[in-house]
Amino acid sequence: MGHIKLTNVTKSFGAVDVIHGINLEIANGELVVFVGPSGCGKSTLLRIIAGLEKPTGGELAIDGKVVNDTPAADRGLAMVFQSYALYPHMSVRQNLAFGLENTKMPKAEITERITEAARMLEIEPYLDRRPGQLSGGQRQRVAIGRAIVRRPVAFLLDEPLSNLDAELRGSTRAELAALHARLSATMIYVTHDQVEAMTLADRIVVLRAGRIEQIGTPLELYNSPANRFVAGFIGSPHMNFLEGTVEAVQSGKAIAALPGGQRIEIAVNGANIGKGARITVGVRPQHITVGSDAAGIPASIKLVEALGSETVIHADVSGQKILVVAPGQHNLTPGTELRLSLAAAPLHLFNERGLRLDHAV
Amino acid sequence: MKADVPGKTGLGIGEVALVPVRLAMGLIDAPLRWLQRVAGISGMAAFFLMPNMLIFGIFILLPFFINFAYSMTGSTALFLSDRTFVGSEQYARLFDCRNYLDPNTCAEDTFWTAVANTGWFVIIQVTLMIVVSLVTALILNRELAARSFWRAVFFFPVLLSPVVVGLIWKWILQRQGLLNFSLYGFGFEPYTWLNDRNWAFAATVGVSIWAHMGFYTLILLAGLQAIPKDLYEAAEMDGTRPARAFWRITMPLLAPNLLVVVVLVLIKAVQIFDEVYVLTGGGPGTSTLYLTQYIYETGFAAQLRNPGLAAAASILMGVVLVVLTLLQLGLSRSSEKKGARK
Amino acid sequence: MSRVAEFLLRRKGGKGWHWTDIVTWVWLVGGLFIMFGPAVWLVGSSFKSPAALAEFPPSILPYVTQKATVEGYDKPLDLYDVTLPDGSKATLAEVRRIGIISQMVDPQKPGEIIKVNIAERTPVRQMSFATGNYTEPFTQFDFVRYLWNSVFVTVTATLITLVVNSMAAFALSKYEFRGRTFAMLLILATLMVPLSVIMVPLYSIISALGLFNNLWGVILPTVATPTGVFILRQYMLTIPDELIDAARMDKASEWQIYWRIILPLTAPALAVLAIFSVVWRWNDFLWPLIVLSRKELYTLQVGLSIYSGELNVQWHFILAMTVVTMIPVVLVFIFLQRFITTGIAGTGLK
């Protein structure tokens with residue numbers, strides 16, 4: 001139970017197309033995260049699955065049954081909303097019971113399920129309070145509880161942590177992961193925060209402008225992003241990109257010239273690049289080494305952020321901004337020069353259209 | 001107003017009283033679920049809208065359109081099908097005057113008397129109403145002790161029914177009334193005010209202001225209180241003289257509210273009827289006969305009632321009201337926009 | 001005008017009494033008398049007997065001249081305090097008055113007539129509340145009937161208004177459908193079509209429906225108020241749509257969403273509308289006057305105006321009935337004033 005399949009799902013609001021042909025299969029028990037910048041269509045996609053929006057085209061199937069025309073109530077899904085959407089005029093207990101009463105469930109079973117969920121989420125002391133009397137974190141638990149008591153085919157979570165403060169967000173994230181492990185239910189989780197996506201997901205679906213950019217496990221996305229967008233979106237601080245032109249290709253290596261005239265050597269890994277191609281080289285800030293090696297790329301320091309455990313260096317390489325995260329503490333001053341080495345770094349190559357060139361890692 | 005989170009649970013008796021309501025609501029849920037399945041969610045929207053629209057259509061929209069047909073028919077028959085078509089005859093009759101400035105030269109002289117009376121009433125009453133409400137609002141906007149009490153004092157008559165208002169003042173203005181009693185103390189002889197054409201007219205103006213000024217004061221006061229206090233403090237820091245602050249800060253910022261109030265007062269003044277009908281009955285003679293009473297009497301009360309003529313007169317009044325209402329909607333929209341820009 | 005501005009900007013705790021403070025207090029105290037005075041006078045008068053009402057100058061409180069039944073006279077006679085020619089004082093009953101001489105009699109010695117100059121006598125008066133003004137209309141007129149008619153119209157119309165308007169407001173605020181803007185504009189346009197404009201054709205519709213001389217003929221045309229729909233819709237727009245989505249996920253039907261989620265959350269606006277509706281319907285006059293021509297169907301307002309327009313106005317009853325008519329509105333005013341004033345200030349609607 002809990003297998004969801006989308007085939008060519010599209011959605012338009014009037015003349016505006018917001019979802020362009022989504023194909024996606026979510027396995028039973030999987031925790032899939034939809035991530036992307038705001039306006040990418042991730043929430044709309046979730047609402048289509050929920051049944052709160054009707055897809056304009058395509059097919060949506062739950063457990064093999066096409067549910068395009070099934071109303072939200074009959075899809076057996078439960079949703080946790082960004083604003084929690086707790087009924088403010090009902091007590092926590094009534095909030096949890098409301099959905100169950102609507103299915104004409106016997107009172108005894110309702111009580112049993114509420115008790116169980118309340119124990120699981122540690123919200124027993126607040127059962128008779130109104131949502132207005134609870135803190136943000138407590139409301140969040142109630143919202144999750146309201147979904148749990150329904151024993152749904154799948155949980156849909158729409159940015160459930162975005163209204164919490166940073167500290168609470170971290171701990172709740174861990175609890176959500178534990179909950180998923182415990183319930184082993186299908187969950188679809190929407191967020192714009194790539195850290196949440198990385199830490200929670202079995203698989204991440206990166207969306208942009210209504211299209212899927214890449215689907216994969218968190219590490220797949222991190223290690224071999226399919227395009228410049230995914231590369232820039234996953235990972236923090238985000239990946240550095242250097243524009244360049246290929247000057248020569250020989251024995252699995254290519255020499256690329258950066259605008260400032262520096263040349264870097266890149267392992268091609270069988271990618272098809274010819275001389276004169278304009279490419280983008282991506283490198284994560286953590287993979288750049290700082291040194292005085294004469295072979296390194298000369299860079300001037302613009303700003304140094306000493307975080308203690310690591311040092312974030314904002315540097316300038318012939319007009320292109322580069323971010324370097326160096327472990328430990330470094331005594332550097334803005335305005336001075338230093339050399340950056342990419343020798344040890346895994347490099348990501350993208351063509352002019354932003355697509356990844358080497359698909360072997 | 002905004003929806004916010006209600007405080008506590010427990011209405012006690014209220015909850016008990018709600019039990020039958022709950023049962024009834026629950027009972028109709030099953031057929032409505034069926035309806036929802038058949039008609040879909042947009043069908044339910046139509047279902048929710050229907051009762052209001054049905055009543056609205058039958059009792060407001062339909063009469064509105066029938067009114068035009070009515071105004072083009074003659075005879076005293078009630079139903080449209082029994083009435084004879086006369087074209088624009090009713091309008092021609094209303095406008096049949098040798099001299100429009102003199103009602104006595106008109107075929108339908110009472111109509112023109114009513115128009116003239118209403119015109120004078122509107123001019124005088126609206127002016128005085130605005131002045132009185134504005135001054136009261138300005139005074140209530142000062143830092144007063146017990147402001148809500150004073151606001152309530154001026155608001156009190158607003159809720160009274162026009163009939164009660166009319167009767168209270170009829171009682172006060174009669175020969176043995178409070179007014180004569182007060183004046184008697186200053187050596188005046190008792191006078192029957194409502195038998196005097198001019199005093200009766202003045203009474204209708206005064207009484208209608210007495211009854212409704214609290215409402216407009218309230219709107220103006222809300223407008224005044226919405227003006228941020230720090231504007232005045234800033235003006236003071238700039239060395240602005242209070243007079244200048246009044247004309248350059250208070251008035252411009254209050255202007256949108258003031259305009260809306262002016263139009264609201266106008267709309268109400270054109271339709272004046274209830275309290276005047278009870279107070280003077282339109283008299284003495286026709287000195288306080290206003291348009292609505294003319295329509296009412298021509299359509300229902302007169303010996304030779306003529307619904308067609310009443311309908312024609314009411315359409316003429318309707319045209320004036322539509323213009324005024326459009327003005328009001330336009331004004332409140334532009335003031336909303338200004339508010340949003342703030 | 002510069003002075004006006006000065007008094008606007010002056011702040012309390014300034015330099016003593018400014019002339020604007022005097023204007024303020026004169027205006028306020030004058031307002032207190034002008035606004036409350038007439039109503040107080042009405043209540044005071046309503047307790048006076050017909051004789052006391054006809055007096056001029058009138059007394060402020062209801063006084064009644066004392067009467068005594070004297071042997072040998074059929075009717076009770078008015079009692080007077082009299083200063084006798086010898087300077088002594090006595091309480092005598094007046095038999096008749098001729099010119100400036102009053103013929104009086106001592107109730108203890110009814111045989112002997114005493115002649116007194118009317119300047120030497122003052123009536124014996126006692127405060128007395130003519131409560132009969134209040135109790136008699138209940139039996140003598142159809143007052144109870146009018147009261148019941150008014151209550152029935154007010155309560156029924158308000159309940160229907162709340163249900164019908166809230167349903168429409170729900171549809172207009174929470175559903176997307178073709179013609180929504182049109183419906184909203186249509187309702188707003190009603191503001192332009194007041195009763196005074198459509199009373200003639202509306203009367204024919206009411207008659208065609210058989211609602212002439214029927215309280216439902218008074219109720220139905222009033223319940224689809226544009227104001228009510230407008231107030232409720234504005235309020236419902238502030239209820240987050242996610243709540244409705246959540247309820248739909250919770251398998252609630254649209255009807256349940258309406259009455260279990262939307263209605264309870266709209267309670268404050270519903271309360272305001274209910275108060276307004278009660279006051280409107282209680283005070284309605286012109287329409288009931290047109291629709292109701294049978295005495296037993298009159299509402300209080302109509303009954304009062306008809307009786308006060310009669311040739312021989314029985315003011316003592318009219319005044320008492322006016323006071324009774326005022327009571328519900330005054331109660332609303334005392335207890336719910338805050339609701340009403342914030343309602344008006346918030347919506348600008350009456």
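pLDDT is the predictor's confidence in each residue, from 0 to 100. The structure described here is a predicted model. Chain B averages a pLDDT of 82. Within chain B, 92% of the residues score at least 70. Residues 1-11 of chain B fall below 50. Beyond near neighbours in sequence, this stretch of chain B still has 18 contacts in the model. Where pLDDT is low, the predicted coordinates should not be read in detail.

Chain A is assigned two domains. Domain 1 of chain A covers residues 4-233, and domain 2 of chain A covers residues 240-350. Their centres, taken over C-alpha atoms, are separated by 39 Å. At the interface, eight residues of domain 1 of chain A are in contact with seven residues of domain 2 of chain A. The area buried between these two domains is about 680 Å². Carbon and sulfur atoms give 56% of that area. On the side of domain 1 of chain A, the residues that lose the most area to domain 2 of chain A are Tyr222(A), Arg228(A) and Ala231(A). Together they account for 75% of what that side buries.

The polar terms of this interface were counted next. One salt bridge is found between domain 1 of chain A and domain 2 of chain A. Arg228(A) pairs with Glu243(A) in a salt bridge, and their closest N and O atoms are 3.2 Å apart. Arg228(A) is thus listed both for this salt bridge and among the residues that lose the most area on the domain 1 side. Across the interface, the rule finds two residue pairs in polar contact, both residues at pLDDT 80 or more. Two elements of chain A give two or more residues to the domain 1 side: helix H7 (218-223) and helix H8 (228-233). By class, that side has four nonpolar, three polar and one charged residues.

Two backbone features of chain A were also recorded. The peptide bond from Ser236(A) to Pro237(A) is cis, with omega near -10°. Pro237(A) is found in the loop between H8 and strand S11 (240-250) of chain A. Helix H8 is one of the elements that supply the domain 1 side of the interface. The other feature is at Asp63(A), where phi is near 50°, a positive value in a residue other than glycine. Asp63(A) is found in the loop between strand S4 (57-62) and strand S5 (65-66) of chain A.

Chain C is assigned three domains: domain 1 (2-45), domain 2 (63-127) and domain 3 (134-347). The C-alpha centres of domain 1 of chain C and domain 3 of chain C lie 35 Å apart. Each of these two domains puts four residues into the contact. Between them they bury about 400 Å², with 90% of it on carbon and sulfur atoms. In domain 1 of chain C, Leu42(C), Val43(C) and Ser45(C) lose the most area to domain 3 of chain C. These residues make up 83% of what that side buries.

Polar terms were counted here as well. Between domain 1 of chain C and domain 3 of chain C, the count of salt bridges is zero. The count of residue pairs in polar contact, with both residues at pLDDT 80 or more, is also zero. The side of domain 1 of chain C that touches domain 3 of chain C has three nonpolar, one polar and no charged residues.

How values were computed:
Residues are numbered from 1 along each chain as its sequence is written. Chains are lettered from A and ligands numbered from 1 in the order in which they are written. This is a predicted model: local features need pLDDT of at least 70, side-chain atom pairs count only at pLDDT 80 or more; totals for chains, interfaces and linings use all residues. Side-chain values use heavy atoms; hydrogens and water are left out. Domain bounds come from an automatic or database domain assignment. Contact means heavy atoms within 4.5 Å. Buried area is the accessible area (1.4 Å probe) that two parts lose on being put together, summed over both. A salt bridge is a side-chain nitrogen of Lys or Arg within 4 Å of a carboxyl oxygen of Asp or Glu. A polar contact is a pair of N or O atoms within 3.5 Å; within protein, one must be able to donate a hydrogen and the other to accept it, and residues adjacent in sequence count only if both atoms are side-chain atoms. Ala, Val, Leu, Ile, Met, Phe, Trp, Tyr, Cys and Pro count as nonpolar, Asp, Glu, Lys and Arg as charged, and the others, Gly among them, as polar. Helices (H or I, at least four residues) and strands (E, at least two) are DSSP runs, numbered from the N terminus.
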